[in-house]
Amino acid sequence: VKNLSLLSPEQVELAKMLLEMGQSHLFEHWPEPGVDDDEKRELFNQVARLNSSYPGGLPSYIKTARELLADSKAGKNPYDGFMPSVPSGENLTFGDDAFIQYEDAGVKEAHKAAFVLVAGGLGERLGYNGIKVALPSETTSGACFLQHYIESILALQETSCRLAQGDGPTEIPLAIMTSDDTHSRTVELLESNAYFGMKPTQVKLLKQEKVACLDDNDARLAVDPRNKYSIQTKPHGHGDVHSLLYSSGVLKEWHDAGRRWVLFFQDTNGLLFKAIPSALGVSATKGYHVNSLAVPRKAKEAIGGITKLTHQDGRTMVINVEYNQLDPLLRASGYPDGDVNSETGYSPFPGNINQLIFEIGPYLEELTKTGGAIKEFVNPKYKDSTKTAFKSSTRLECMMQDYPKTLPPSARVGFTAMDAWVAYAPVKNNPEDAAKVPKGNPYHSATSGEMAIYKANSLILRKAGVKIDDPILQVLNGQEVEVWPRIVWKPKWGLTFSDVRSKVHGNCSVTQRSTMVIKSPNCHLVDLSLNGALIIDSSDGTEVEVAGAVQNKGWTIESVDYKDTSVPEELRIRGFKINKIEQLVKP
Ligand code: UGB
């Protein structure tokens with residue numbers, strides 16, 4: 001009480017709220033006024049931040065935490081009463097007629113879209129010291145993920161706006177969710193690279209705040225072990241993106257500007273934009289309010305499964321069930337073997353890749369009701385079976401793909417499934433963990449993420465009529481991967497399959513040892529026979545024709561050990577580096 005005199009009227013109100021919410025331990029042992037006064041006020045500054053950044057404030061956070069902790073103690077299953085089944089969705093095959101039609105529809109629609117990159121995670125599983133969006137998506141061109149994403153959005157923008165002929169929005173905005181762990185390094189990356197060609201005003205950064213940690217089942221807020229005048233905090237998860245888009249007013253701004261779609265994506269998937277146009281076309285054609293991109297998923301693979309859940313009371317929803325929950329849910333629902341591969345070699349539940357497309361109108365309407373609050377969960381590690389004490393403090397968490405959980409059954413929620421080779425190759429696992437992945441399951445490492453880009457580009461060119469040699473198998477950082485020719489192109493050259501097909505002519509061929517980098521948006525390959533390295537580099541729009549035989553020593557792949565600290569970390573984690581021995585540069 002004596003310390004109250006140190007506080008502003010607003011801070012006094014916060015102190016009362018904390019008392020009412022059973023949080024007096026945060027200040028009841030404080031020394032007399034005159035000792036650590038600034039630190040005491042700082043605690044209340046932190047309380048104010050924690051209170052304002054959570055929908056419903058701290059009282060709501062503490063109340064939800066008590067409920068979820070009680071459920072967890074009682075061993076309540078969040079899926080109680082629900083029966084899982086395989087949902088139906090749109091299955092696309094890259095390059096066939098339906099795919100091309102959806103791509104065309106998606107590209108037309110894209111100028112009415114806005115993109116949201118969730119990049120607040122540190123990527124603990126990868127263990128990389130920098131931010132993940134700064135990692136090269138592949139080391140042949142060296143373009144980092146953020147550059148690749150921005151150039152892909154700009155390519156979409158250019159084509160889509162040209163088709164729209166001034167009808168509707170003329171720019172595609174990008175919002176990036178950051179956190180204290182990633183914010184300043186993301187700003188630095190953008191600023192030191194002139195926003196990779198985007199207008200700075202086109203990019204909005206939304207920083208997520210961490211949430212308070214909890215010490216016990218009564219949801220007593222945890223005092224930071226390093227500072228008794230501070231509450232310990234941890235990340236709340238990517239689900240924060242919804243409340244941030246709402247509270248910042250960004251979503252409303254997009255809606256008012258006539259935008260129709262918002263597309264969410266993750267920090268390290270170099271294939272994603274090959275799948276975006278067609279998936280957006282599916283959303284527009286089918287009128288999906290929520291569309292999740294999915295890929296075939298190996299049973300027990302560490303990605304969520306898209307599942308139809310039917311409750312005893314008749315409610316149904318199509319939702320991601322996280323990988324650690326799908327197997328127990330199936331076992332409890334009459335599938336004694338749990339999550340197992342079917343005769344196709346894959347789990348019947350498509351894998352969620354957390355690429356989500358929402359229609360803005362219904363999304364904004366829903367957020368106006370919920371403030372963007374997403375169903376949360378808690379995952380305390382208990383000391384013993386009495387479940388009364390935790391090994392370390394816990395916190396509430398939320399996931400962006402849980403958004404449909406609060407939607408009425410009338411909402412149109414679907415998914416679009418595509419082969420993984422064209423849609424999903426994230427960089428999430430460190431070399432050691434990747435090398436332990438069961439044979440046949442994807443590694444999701446920097447090695448596999450890069451090799452997947454070469455494979456996808458090679459297969460796309462094959463479909464466009466180029467003769468591409470088969471890959472060789474190589475073991476890099478303990479992972480056996482297919483090494484295809486290192487073919488990469490700028491998004492402006494080959495945004496869609498139709499674009500690629502229109503730029504390949506006659507009998508072209510590429511050997512496995514070859515490298516091809518296409519930087520020119522308007523380059524045509526005519527009867528090209530490549531055995532070596534070829535760089536086509538004129539960034540203006542002039543037409544370049546590359547024809548005939550190209551033969552040189554080329555670029556080779558040299559393996560490096562991830563433990564070799566003389567090699568830069570971003571190369572070490574992929575287990576190889578590229579030796580640029582000889583190349584032909586055109587024009
Ligand atoms: N992220 C944030 O922006 N803020 C946070 O607080 C946390 C993360 P992870 P996760 O695609 O394989 C998801 O850690 O959560 C960003 C799906 O839940 O890489 O383990 C972070 O920067 C799962 O269903 O993934 O698993 C990154 O961009 C499955 O689809 C993104 O959120 C899985 O991804 C994902 O964070 C997958």
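Let me start at the ligand, where one of its oxygen atoms sits 2.8 Å from a polar backbone atom of Gly 120, a polar contact in the sense of a pair of N or O atoms within 3.5 Å, where within protein one must be able to donate a hydrogen and the other to accept it, and residues adjacent in sequence count only if both atoms are side-chain atoms. Two side chains make polar approaches to the ligand as well: a polar side-chain atom of His 238 is 3.0 Å from a ligand oxygen, and an N or O atom in the side chain of Lys 428 is 2.8 Å from an oxygen atom of the ligand. Taken alone, the ligand exposes 710 Å², of which the protein buries 89%, with areas from the Shrake-Rupley method and a 1.4 Å probe, where for residues only the protein chains shown count as cover.

Before I go on, please keep in mind that this is a predicted model, in which local features need pLDDT of at least 70 and side-chain atom pairs count only at pLDDT 80 or more, while totals for chains, interfaces and linings use all residues. Residues are numbered from 1 along each chain as its sequence is written, and side-chain values use heavy atoms, with hydrogens and water left out.

Which residues come nearest to the ligand? Of the 24 residues around it, these are Val 118, Gln 208, Gln 266, Asn 352 and Tyr 424, where being near requires a heavy atom within 4 Å. By class, that shell has nine nonpolar, 11 polar and four charged residues, with Ala, Val, Leu, Ile, Met, Phe, Trp, Tyr, Cys and Pro taken as nonpolar, Asp, Glu, Lys and Arg as charged, and the others, Gly among them, as polar. Strand β13, residues 347-359, gives the most to the shell, with three residues; helices (H or I, at least four residues) and strands (E, at least two) are DSSP runs, numbered from the N terminus.

Gly 120 returns when we look at Thr 182, which is found in the loop between β4 (174-179) and α6 (183-191). Thr 182 counts as buried because its relative accessibility is 3%, buried meaning under 20% relative accessible area, exposed over 50%, and partly exposed in between, with a 1.4 Å probe and protein chains only. Apart from neighbours within four places in sequence, Thr 182 is in contact (heavy atoms within 4.5 Å) with Ala 119, Gly 120, Gly 121 and Ile 131.

Asn 457, in helix α14 (residues 446-463), is also buried, at a relative accessible area of 2%. Its side chain reaches the backbone oxygen of Ile 487 at 2.8 Å, and, neighbours within four places in sequence aside, Asn 457 is in contact with Lys 274, Ile 487, Val 488 and Trp 489.

Turning to the backbone, most residues other than glycine have a negative phi, and most peptide bonds are trans. Ala 219, in the loop between β7 (214-216) and β8, nevertheless has a positive phi near 60°, and Ala 219 is buried at 0% relative accessibility. Lys 387, in the loop between β14 (376-378) and β15 (389-394), has a positive phi of about 55°, but Lys 387 is partly exposed, at 23%. Finally, a cis peptide bond with omega about -5° joins Lys 586 and Pro 587, and Pro 587 lies in the segment after β30 (584-586).
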